[in-house]
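Reader: I'm new to this one and would love a close look at a single part of it. Could you pick a spot and walk me through its surroundings?

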Amino acid sequence: MSNQGSLVCVGSGMRLAGQLTPKSKSCIEQADVVLAAMANHLSRQWIKEMSKEYRCLLDLYGEGGGEGKPRGQTYDEMAERIMEEVRKGRRVCAVFYGHPSVFSCISKKAIDLARAEAFPAHMEPGISAADCLYADLEIDPASAGEQAMECTQFMIYERRIDPSALLILWQPGVAGDLSMKRFETHQAYINLLVEKLSRDYPLDHEVILYEAATSPLESTRIERLPLAELTQATLNQITTLVVPPCREMAADNAMLDKLKTLAETVW
């Protein structure tokens, strides 16, 4: 055991062992204690077998899997439990599903706490749901640009949406939940989501419901449907809403002229 506690947050990837990076695997194996909140039993067992000591954080969700308990409270408690081990002078590895900073505020909370107490802490990258999405849908986010945000955030803030770029909305399965206590949404909330999207996209515009496969036994969900039919679709906690561009990019001719002029004088 080291004299000074330390923290590293790693990602497990989306598809069990096949997406764990060698660096993250090494962090898990070398840690004095590993903490994780992996919902999948196989994932928990796999990480446990690699660990010298394994601690599960799932109990902090409380009875009923956390339904009715503010998620922010649960995440604070998880970060604090991670820090309890760091304060003991242990080398701690916290493992998060996918990428440790993509839809996982716990890692940032724990790292901020550790650094505030002068403990070394850092994060290692992992394969996220976004990485799987790009591959499964064969999307290059650089081709037309990309906008990505949490679905409820999109609904409640005035965001400047560009319908000539890709739009990715995460967690439509809890769209409109202001309480941070629920793990599902209601058709009435999806009606409002469609209403807001229809400001920039026609109702017959094709959107995609995406869910990454998390094991070789699962199939990737790629369901294409008109925006108007979104209210009748099945939205799970892991569903992502992908809205392709509905129009071509418009050239900024004034800027193009300036660039052409500059090219003639600079080079």
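**Around Ala-213**

Author: Leaving aside residues up to four places away in sequence, Ala-213 touches Met-14, Arg-15, Glu-218, Ser-219 and Thr-220 (contact means heavy atoms within 4.5 Å). Keep in mind that this is a predicted model, where local features need pLDDT of at least 70 and side-chain atom pairs count only at pLDDT 80 or more, while totals for chains, interfaces and linings use all residues. Residues are numbered from 1 along each chain as its sequence is written, and side-chain values use heavy atoms, with hydrogens and water left out.

So where does our residue sit? Ala-213 is in the loop between strand E8 (206-211) and strand E9 (221-226); helices (H or I, at least four residues) and strands (E, at least two) are DSSP runs, numbered from the N terminus. Ala-213 is buried, at 6% relative accessible area (buried is under 20%, exposed over 50%, partly exposed in between, with a 1.4 Å probe and protein chains only). Ile-161, 52 residues away along the chain, has its C-alpha atom 29 Å from that of Ala-213.

For another look at burial, try helix H2 (residues 41-50), whose buried residues are Ser-43, Trp-46, Ile-47 and Met-50. Seen down the helix axis, these fall within an arc of 95° (taken from the directions from the axis to the C-beta atoms), so they line one face of H2. Helix H1 (22-30) and strands E2 (33-36), E3 (54-56) and E4 (91-96) are among what covers them. On the face of H2 turned away from that buried side, you'll find exposed His-41 and Glu-49.
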